[in-house]
Every structure is written in C-alpha cells, then in structure tokens.
Amino acid sequence: MARPINLRTSMSISSQARISIITCASKQRACALPSVFFLKHDSFRSRHILSSASRRSVTIKHATSSSSSSTSQPYASYDWTRQWYAVSWVTDIPLNTPYKTTLFDVDYVVVRTPSDVYATRDACPHRLASLAEGRVTTDGRLQCAYHGWSIEGDTGDIHVPQAPRGKVPCATMYPCMVKGGLVWLLPCEGADAVTAPPPYVPEELDHDDVAAGVVRDVPIDFSLLLENVVDYDHGLFAHQVSGFDLYCGSLDHPQEVSTSYDADGRFEVTMTTKALPKVLETNSLSDTASPLTATAIFKSPQFVSACRFDDEGKTSFKTVFWLVPTGVGRSRFLSKGYAPGKKKGLPRWVQHLFINRFLDQDSHLLVTEQSYVLAEEFKAAAEKKPLKRDRVYRYASPGEKLLAAIGKWLDTTVPKQPGRYDALKSVAALARIAPAFTTAPREITLDRWSQHTAVCADSQAMLRNARWLACIAAAAAACLAYRGVQVLASQGGWYCVAHCAFSAVCLLVSAVSAWIVTEFSGFRKTALSRDADLRRIPTLFPDQPGVSHSATP
C-alpha cells in the first residue's frame with residue numbers, strides 16, 4: 001500500500017525569482033541560437049525528408065495506427081506536471097541522506113526517513129546552494145551545509161539558526177510517496193496535485209516488500225527511449241535475441257493496436273499479436289503450436305509492460321519499465337522482470353551484470369540517432385511548426401504499428417514538457433542541453449560507473465566487496481605459493497600439492513573478483529565487442545544477397 005502524503009500549499013519564493021536566467025537581446029537572436037546544431041543536419045534533412053508523394057510510396061498501410069479522433073483530441077491538454085513519476089528504487093535512496101533526482105531538467109532533493117519520504121527543490125531558499133550537499137538532522141529536517149538553514153519535511157517550515165524568531169516564507173514541498181518498491185514524485189502542488197492520477201504499478205507489485213530492479217541513467221531523450229523499448233524489430237539485430245520476434249508483426253500475424261484511457265484517466269496504448277516468429281520465418285512452429293499471445297502496454301506518462309499470456313490471461317514472466325524524463329537528451333531507465341507469484345530471484349547485482357551488457361548493445365546507437373531527431377524537433381519548434389515523426393522516420397515494417405501509435409502521442413505531448421524549448425530563448429538552457437545535439441564517444445555514452453553503479457546501492461556494495469576480495473585473494477595466493485615452495489624444499493609430496501591447489505583457487509577468486517570490478521567500474525562495450533555482436537547477426541538472420549525492398553521511384 002502507498003504511504004499517505006501531505007499536499008503542501010504553502011507559499012514559496014518563485015524559482016524564477018531566485019535564479020537569474022540569461023536571455024537573448026532580441027527575439028531574432030533567441031531563434032538563431034540553436035542554429036549551430038541545425039546547420040550540420042540540413043544535408044541530412046534534404047536527403048531524408050521525402051516529398052509527400054514519395055513518402056506514400058514507401059509507407060505501407062498496416063504500419064500506421066488505427067487510433068480514433070476521440071482518443072487523440074485530449075492529447076492537446078496533456079499536462080506533464082500533473083503526473084506522478086517513479087524516480088528511484090527505494091533501496092537506492094539511503095535513509096536520512098539527501099538524494100538528488102531530476103525531472104525535466106529541474107533538480108529535486110528527496111529525503112527518506114524511517115517513517116516518511118519528502119521532496120523539495122534542490123536549491124536552498126537562502127542562497128540557492130544545493131540541498132543535496134547537506135544533511136538530515138536527528139529530527140528529520142533537511143539542513144543546508146552552507147549556512148545551516150533547515151526545512152521541515154511535513155510542513156516546509158524553515159528554521160534559521162542565526163534568527164530563530166525570524167519569519168521566513170515556507171519552502172515549496174512536492175508530494176512524494178513510496179509505492180511498489182519505488183519512490184514517486186509529483187512535480188506540482190496545490191489543486192493540481194489533488195487531481196493528478198495516482199502512481200501506477202501492476203497489481204502484483206503493489207506491496208511493500210518488492211525487490212528492487214534495474215536502474216541506469218542514459219544520455220538518451222525520453223521520447224527516443226520510449227520508442228526503443230516498444231520497438232521489437234530491433235531486438236533481432238541490435239541484441240541478437242530471437243525472442244523479440246514473438247512481439248513483432250507480419251502481414252499474416254499483424255500487431256493489433258488500440259488506444260484508450262484507463263479508469264484513472266491515463267492514456268493507454270495496447271498491442272497484441274500471436275506469439276509466433278514473424279521475421280525469422282521458422283517453420284518449426286505453426287499457428288496451433290503456441291497458444292500464447294504477446295502483448296505490450298504503454299500507460300502515460302512512463303510505464304511500459306511486456307509479457308506473453310495464455311487463453312486464461314495467465315503469464316509465467318513479465319517485464320515492466322518506468323522511463324523517467326530526466327531532461328532534454330537524458331533519461332533514467334527503471335526496469336524489473338519477475339514471475340508472478342514468485343518473490344525470490346537472482347541477486348540484484350547478478351541481474352545487473354547481464355542487463356548492463358544488454359543495454360550497452362543499443363544505447364550508443366540511440367545516441368547517434370538522437371542528434372538528428374532532436375535537431376529536427378528543435379528546428380520545427382523554432383519555426384513554430386509541429387514535428388511529425390512519420391515524416392522524419394520511414395515506417396515500413398508491420399512491426400512498427402505500435403511505434404506509430406505512440407509516435408502520434410509523442411508528437412503532440414513532447415512539446416508540452418516543462419522547459420522543453422528553453423534553449424530557444426536562454427543561453428544557460430542552451431549550454432545545459434548542448435551535449436544532446438552531438439554524438440559523444442562510446443567511452444562516455446556507455447560509462448557504467450556514472451550511469452549505473454553510482455546510482456545503484458547494491459552494485460556499489462558489490463564493487464567494494466569485489467575490490468577487497470580481489471586484493472585478499474591475491475595476497476593469500478602469493479602466501480600459499482611461497483609456503484608451497486618451502487614445503488617442497490623440506491617435505492615435498494602432497495603437502496606441496498595442497499598448497500599449490502589452494503593457491504590456484506585463491507588466484508581464481510582474485511581473477512573473478514577483478515572481472516566483477518571491471519564490469520561495474522567503467523567502459524566495457526568496445527568496438528571489438530560491437531564487432532563480435534555484428535558477426536552474430538547472420539547466425540540469426542542469414543544474409544540474403546540480391547534481395548531488396550526499396551520502393552520504385
């Protein structure tokens with residue numbers, strides 16, 4: 001069950017009044033600032049954006065969504081601030097320690113105490129210093145490390161050590177709760193907070209002892225990350241995993257896509273298809289060999305689930321995602337795979353050994369795509385024109401029907417994200433999002449320490465233990481080897497063999513521990529690893545020389 005929350009309506013100093021925004025001297029200059037990002041993409045645009053006639057020649061009918069106008073009309077009034085967001089697994093937020101998190105390029109600080117969880121802006125009302133650099137007092141107040149001002153978590157009242165009887169406006173406190181093993185934040189207050197739909201977790205995860213799942217901060221925009229998660233065509237090639245084919249679509253077994261609103265008013269897209277191979281065209285399975293149905297569900301603003309269920313609606317395994325819109329060009333990836341009815345699984349750090357390798361396979365590809373897509377979006381915004389993804393992309397696969405449906409929602413709602421286009425009028429905002437318009441080296445885009453280990457408590461603990469174990473095991477191996485030499489010189493025989501065997505075991509433990517350290521402490525997906533993945537593609541999908549699906553001009 002979710003813990004009760006207090007909706008704070010106290011007055012606060014406006015963040016815009018506290019933070020000086022550097023703006024351009026004129027409206028023309030504001031629109032011209034992002035042009036440095038658009039210039040290099042002009043040639044791409046001229047090559048990639050087809051005329052409407054040629055676009056129709058390569059877009060097949062079944063790749064478009066069948067959503068009705070009745071469900072698309074409310075897109076225009078979508079409010080991103082009136083939505084709850086899962087921002088972290090609860091176990092990754094230490095007790096009585098300020099924790100910094102970000103939504104829409106706005107920094108918040110979350111405090112978890114044994115009895116409560118609360119959040120406010122990560123800027124002290126006094127001098128705007130980061131509250132995440134502070135501490136939590138013994139009575140649960142958040143104290144700034146600069147001048148000692150402290151904030152009451154339940155009321156927002158501010159205590160000033162230098163003026164204990166002074167009156168200071170209350171800090172703005174944002175609704176926060178724990179639900180389904182996650183910490184949730186609502187980036188609004190007052191009446192808007194009261195009318196916001198409640199946080200969504202699947203019914204089987206709606207309890208207090210949910211084990212934490214995957215977390216990774218990626219340099220990928222929310223819109224691209226969402227598209228990637230529901231794009232099952234890429235799994236055969238980017239990940240070389242045949243199971244993705246069961247969720248793809250074909251002319252014989254299409255994706256059936258519907259859009260609606262659930263009981264709490266969340267926009268929802270549901271895709272179902274027969275859980276049969278489509279792209280791989282294997283003949284070992286027939287229509288009657290698999291009674292399962294593959295389904296994927298998106299619930300706004302951030303939830304995605306995927307599973308295969310039988311005729312009774314039962315499933316043996318389910319994967320769920322919460323995609324956090326951290327800011328322009330960056331997101332937080334939260335995920336969990338589980339078998340309904342079973343609470344225990346592999347240790348969390350073991351799961352991360354596999355999932356980090358999995359995410360490394362396509363994250364850099366998304367970064368290479370991002371610079372072009374964001375350039376198109378921001379150029380359209382500067383020209384006050386809507387972005388249409390079905391004109392930027394070339395939808396041509398039966399498995400892109402789900403993508404097309406969600407793309408229509410993104411076209412209308414993404415421009416409404418708070419501060420989305422601040423870079424068009426603010427030098428400070430422009431500098432903040434500039435990295436999203438370039439493609440950084442793989443060593444940066446796939447750095448596991450900053451993206452995962454630094455924000456995962458279990459992986460941090462395992463990294464510390466592995467470092468100690470590697471050193472201790474290496475030292476023990478050296479001591480045993482030295483002692484073995486002495487035994488060999490004096491006694492020989494089985495005593496020497498035993499010492500050497502124990503030394504070898506210690507060396508093995510040291511080597512495994514050192515490998516674990518490298519898995520959690522830096523960059524692993526080199527060009528050589530990428531090339532090894534590329535060589536595996538033909539083993540799953542053999543090359544077909546001379547076969548072309550290009551449209552006739």
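Let's start with two tyrosines: Tyr 232 is buried, and Tyr 247 is buried too. Keep in mind that we are looking at a predicted model. The rings of Tyr 232 and Tyr 247 form a stacked aromatic pair, with 4.9 Å from centre to centre and 20 degrees between the planes. If you want to find them, Tyr 232 sits in the loop between α8 (222-229) and α9 (235-238), while Tyr 247 sits in the loop between α9 and β13 (256-261). That puts the two 15 residues apart, so this pair links distant parts of the chain.

Here is a second pair to set beside that one. Phe 303 and Trp 322 are tilted, at 5.6 Å centre to centre and 55 degrees between the planes. What does this pair tie together? Phe 303 belongs to strand β16 (residues 303-309) and Trp 322 to strand β17 (residues 318-327), so the pair joins parts that are 19 residues apart in sequence. Phe 303 counts as buried because its relative accessible area is 4%, and Trp 322 is buried as well, at 0%.

Those are two examples from a longer list: the structure holds 21 aromatic pairs. There is also an aromatic cluster, and I'd invite you to click through its members: Tyr 78, Trp 80, Tyr 85, Phe 104, Phe 222, Tyr 261, Phe 267, Phe 298 and Trp 409. And one ring has a charged partner: Lys 299 lies over the face of Tyr 200, 4.9 Å from the ring centre.

On to the strands. One open sheet has four of them, in the order β2-β3-β4-β9, and the pairing is antiparallel. Which strands stand at the edges? They are β2 (99-103) and β9 (173-174); each has a single partner strand, so one side of each has no neighbour in the sheet. Further in, β3 (residues 106-112) and β4 (residues 117-121) run antiparallel and are joined by five bridges. As a landmark there, Val 110 has Ala 119 of β4 as its bridge partner.

Now look at strand β12 (residues 214-218). This strand is mostly covered, with four of its five residues buried. Five bridges join β12 to β18 (residues 330-338), and these two strands run antiparallel. Here the landmark is Val 218, whose bridge partner in β18 is Ser 331.

For those of you who think about cysteines: how many disulfides does the structure hold? Zero. Cys 144, for instance, is in no disulfide, and its nearest cysteine sulfur, that of Cys 124, is 4.0 Å away. A disulfide here needs the two sulfurs within 2.5 Å, which is why that pair does not count. Cys 144 is buried, at 4% relative accessibility, and Cys 248 is also buried, at 0%.

Let me finish with a serine. Ser 503 is found in helix α17 (residues 494-521). Is Ser 503 buried or exposed? Buried, with a relative accessible area of 7%. The side chain of Ser 503 has a polar partner, reaching the backbone oxygen of Ala 477 at 2.9 Å. Leaving aside residues up to four places away in sequence, Ser 503 touches Ala 477, Leu 480 and Ala 481. So Ala 477 turns up twice: as a contact of Ser 503, and as the residue whose backbone oxygen the serine side chain reaches.

Methods. Residues numbered from 1 in each chain as written. Predicted model: local features only at pLDDT ≥ 70, side-chain atom pairs only at ≥ 80, totals over all residues. Heavy atoms only, no water. Buried < 20%, exposed > 50% of the residue type's maximum accessible area, 1.4 Å probe, protein only. Polar contact = N/O pair within 3.5 Å; in protein donor to acceptor, adjacent residues only side chain to side chain. Contact = heavy atoms within 4.5 Å. Pairing = 2+ DSSP bridges. Phe/Tyr/Trp six-rings, centres within 6.5 Å; stacked < 30°, edge-to-face > 60°. Lys NZ or Arg CZ within 6 Å of the ring centre and 35° of its normal.
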